[in-house]
Amino acid sequence: MSVEVERATVACGTCGAQVIELRRGRCWGCYTRWVESRPVGRGASCTVCFEKRRDQLKLVELHGRTMPLCHGCGARIARMDDIPESIEALRGALRRDRRLADKRTGKLDHRIFPRERRVGERRTPPRTAFSDTDPGRENTMLADMEEIIVELQTADMEEVEQTQVRDQAASPPPLPPS
């Protein structure tokens, strides 16, 4: 969508500067300011990694289409030499390889509680407030406190000295003059 000429004879439609290349009728400075000022729609998410924080999203033009991308994916695409045509190919090119396989295979796990952390999809839809403890829901997940029984023996108890609050003692009588 760029127009190039041999010498600076094309005027920018916004600032009027004579430049050799226009992008959507603007010089590169005006085009960059225009792109950065465009808001991302409500409820938008990154096309590649599904990031939803609006302060991280921006609109990026790829192959003549404008799509929302997060700052990280947009920066990585800007450094790519050839950008894939399809969204799935773009996701495959930008997928972080550290999530593809476990790199600890054959190594000792020195964690105190070893467990697999990379299970399932991490970017799930956000939960509503109090969704786990809503009494109107069928699957309310409240702890069953009736089953917790703590038995103490007399040997388990110790005496603890407590602080006491008392009335202020009367001040001593004044000493007679000597």
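How many of the six residues of E5 are buried? I looked this up first and found five, which leaves strand E5 mostly covered. The model I consulted is a predicted one.

**Entry: overall layout**

I listed the secondary structure and found three helices and six strands. Read along the sequence, these elements follow the pattern β-β-β-β-α-β-β-α-α. I then looked up burial for the protein, which has 178 residues, and noted that 18% of them are buried. I also examined contacts with a sequence separation of 6 or more; residues 24 or more positions apart account for 16% of these.

**Entry: E5 and its partner**

I returned to E5, which spans residues 57-62. Its partner is strand E6, residues 65-70; the two run antiparallel and are joined by six bridges. Within this pairing I noted that Glu61 stands opposite Thr66 of E6.

The hairpin of E5 and E6 has two residues between the strands. His63 is located in that loop. Its phi is positive, near 50°, and the residue is not a glycine. I recorded this because most residues other than glycine have a negative phi. With a relative accessibility of 44%, His63 counts as partly exposed.

**Entry: a second positive phi**

I looked up Phe50, also a residue other than glycine, and read a positive phi of about 65°. Phe50 sits in the loop that connects helix H1 (28-37) to E5. Its relative accessibility is 42%, so I entered it as partly exposed.

**Entry: helix H3**

Which residues of H3 are buried? In this helix, residues 87-94, I found Leu90, Arg91 and Leu94 to be buried. They lie on the same side of H3, because the arc they cover around the axis is only 100°. The general geometry is that an α-helix has 3.6 residues a turn, so residues three or four places apart point the same way.

I next asked what the buried residues of H3 pack against. The elements are strand E5 and helix H2 (71-78).

Arg91 received a separate check. Its relative accessibility is 17%, and the limit for a buried residue is under 20%, so Arg91 counts as buried. Leaving out residues up to four places away in sequence, I found that Arg91 touches Thr47, Val48 and Phe50. The last of these, Phe50, is the residue with the positive phi of about 65°.

At the N-terminal end of H3, the cap is Ser86. A side-chain oxygen of Ser86 lies 3.1 Å from the backbone nitrogen of Ala89. Ser86 belongs to the loop between H2 and H3, and its relative accessible area of 37% makes it partly exposed. I also computed its separation from His63: the two residues are 23 apart along the chain, and their C-alpha atoms are 9.8 Å apart.

**Entry: nonpolar cores**

I searched for nonpolar cores and found that the largest has 15 residues. Those with the most contacts inside it are Cys46, Val48, Leu62 and Leu69. At least two residues of this core come from each of E5, E6, H2 and H3. E5 gives the most, with four residues.

I followed Cys46 further. Setting aside neighbours within four places in sequence, I found it in contact with Glu51, Leu57, Pro68, Leu69, Cys70 and Cys73. There is also a second, separate core of six residues, which includes Cys12, Val19, Leu22 and Cys30.

**Entry: cysteines**

How many disulfides does a search of the whole structure find? My search returned zero.

I then asked why Cys27 forms no such bond. The closest cysteine sulfur, in Cys30, is 3.5 Å from the sulfur of Cys27, which is too far for a bond, since a disulfide requires sulfur atoms within 2.5 Å. Cys27 is buried, with a relative accessibility of 10%.

The entry for Cys70 reads likewise: its sulfur is 3.5 Å from the closest cysteine sulfur, in Cys73, and this is too far for a bond. Cys70 is buried as well, at a relative accessible area of 8%. Both Cys70 and Cys73 are among the contacts of Cys46 noted above.

Terms used:
Residues numbered from 1 in each chain as written. Predicted model: local features only at pLDDT ≥ 70, side-chain atom pairs only at ≥ 80, totals over all residues. Heavy atoms only, no water. Buried < 20%, exposed > 50% of the residue type's maximum accessible area, 1.4 Å probe, protein only. Arc of directions from axis to C-beta. Contact = heavy atoms within 4.5 Å. Polar contact = N/O pair within 3.5 Å; in protein donor to acceptor, adjacent residues only side chain to side chain. Pairing = 2+ DSSP bridges. Core = buried A, V, L, I, M, F, W, Y, C linked by side-chain atoms within 4.5 Å.
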